[in-house]
Amino acid sequence: MSLFKNDGLFNRLDDAARKDPRSAPPPAAQTPPPAPRPPYPEPAKLETARPDTKGSKLIVGPDIKLKGAEITDCDTLVVEGRVEAAMDSRVIQIAQQGVFCGNAGIDVAEIHGRFEGELTARKQLVIHATGKVTGKIRYGKLQIEEGGELSGDIGAINAGDTARKDKPLLAKPLTGLV
């Protein structure tokens, strides 16, 4: 006799239940156990308004160290551990325990932890109360909560600074000028 057939060991019904399914006792209601809560804040639930972050996303979790990398084709980088890299992306989110060291060209930077290096936040730089940003910093708009720290070579981006440097200003070279 096979254990896996309908009337086998796991699905055996008594004769009364086979004849009238209403006579069988109702199955016990089972509730799933509650999901465990992570020991760190969820970066996706940060309060700051930011652009739609759909697309490619890289999460460097707590206790993870990523060193000597160039991060490309990443729409959103979430740093919960330590990253030493160069990158150009849309959004960077550094969690309270996260650290980013290196060069980053970003549309929106949201800092709860630490950033050290060269940061260009083309649209917005948000430094939360626990955030600390040091180095050469350029930003479109700046928001710093009370307690947040910003130090180094700091400046706003001028309208001319956002133009791409690899495109020539003139389509044709000027010739014949006196």
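Asp88, Asp107 and Arg122 are linked in a network of salt bridges, a salt bridge being a side-chain nitrogen of Lys or Arg within 4 Å of a carboxyl oxygen of Asp or Glu. The structure is a predicted model, in which local features need pLDDT of at least 70 and side-chain atom pairs count only at pLDDT 80 or more, while totals for chains, interfaces and linings use all residues. Residues are numbered from 1 along each chain as its sequence is written, and side-chain values use heavy atoms, with hydrogens and water left out.

Within that network, the side chains of Arg122 and Asp88 meet with an N to O distance of 3.1 Å. This pair links distant parts of the chain, 34 residues apart: Arg122 belongs to strand β6 (residues 114-127) and Asp88 to strand β4. Strands (E, at least two residues) and helices (H or I, at least four) are DSSP runs, numbered from the N terminus. Asp88 is exposed, with a relative accessible area of 51%, and Arg122 counts as partly exposed at 30%. For these labels, buried means under 20% relative accessible area, exposed means over 50%, and partly exposed lies in between (1.4 Å probe, protein chains only).

The chain as a whole has 1 helix and 8 strands. From the N terminus on, the order of elements is α-β-β-β-β-β-β-β-β. Of its 178 residues, 29% count as buried. The chain exposes about 12400 Å², and carbon and sulfur atoms supply 53% of that area; accessible areas come from the Shrake-Rupley method with a 1.4 Å probe, and for residues only the protein chains shown count as cover.

Strand β4 (residues 82-94) is a useful place to follow the pairing of strands. Two strands pair if DSSP finds at least two bridges between them. Strand β2 (residues 65-71) runs parallel to β4 and is joined to it by 6 bridges; here Leu66 stands opposite Val83. Strand β3 (residues 76-79) also pairs with β4 in the parallel sense, over 4 bridges, and Thr76 has Val91 as its bridge partner in β4. Strand β5 (residues 99-111) and β4 pair in the parallel sense over 12 bridges. One of the partners in this pairing is Gly105 in β5, which is matched with Asp88. Asp88 therefore has a bridge partner in β5 and is exposed, at 51% relative accessible area.Two residues in the loops beside these strands have unusual backbone angles. Most residues other than glycine have a negative phi, and most peptide bonds are trans. Asp63 has a positive phi of about 65° although it is not a glycine. The place of Asp63 is in the loop between β1 (57-60) and β2, and the residue is exposed because its relative accessibility is 78%. Asp73, also not a glycine, has a positive phi near 55°. Asp73 is found in the loop between β2 and β3 and counts as exposed at 72% relative accessibility.

The search of the whole structure finds 5 salt bridges. Side chains of opposite charge can pair when their charged atoms come close. Besides the pair of Arg122 and Asp88, Arg138 forms a salt bridge with Asp153, the closest N and O atoms being 3.3 Å apart. Arg138 lies in strand β7 (residues 132-144) and Asp153 in strand β8 (residues 149-156), so this pair ties together parts that are 15 residues apart in sequence. Arg138 is partly exposed at 22% relative accessible area, and Asp153 is partly exposed at 41%.

Another salt bridge joins the side chains of Arg114 and Glu116, at 3.1 Å from N to O. Glu116 is partly exposed, with a relative accessible area of 29%, and Arg114 counts as partly exposed at 33%. Arg114 is placed in strand β6. The C-alpha atoms of Arg114 and Phe100 are separated by 6.4 Å, and the two residues are 14 residues apart along the chain. Leaving aside residues up to four places away in sequence, Arg114 touches Arg82, Ile94, Gly98, Val99, Phe100 and Lys132, where contact means heavy atoms within 4.5 Å. Across the chain, residues 24 or more positions apart account for 11% of the contacts with a separation of 6 or more.
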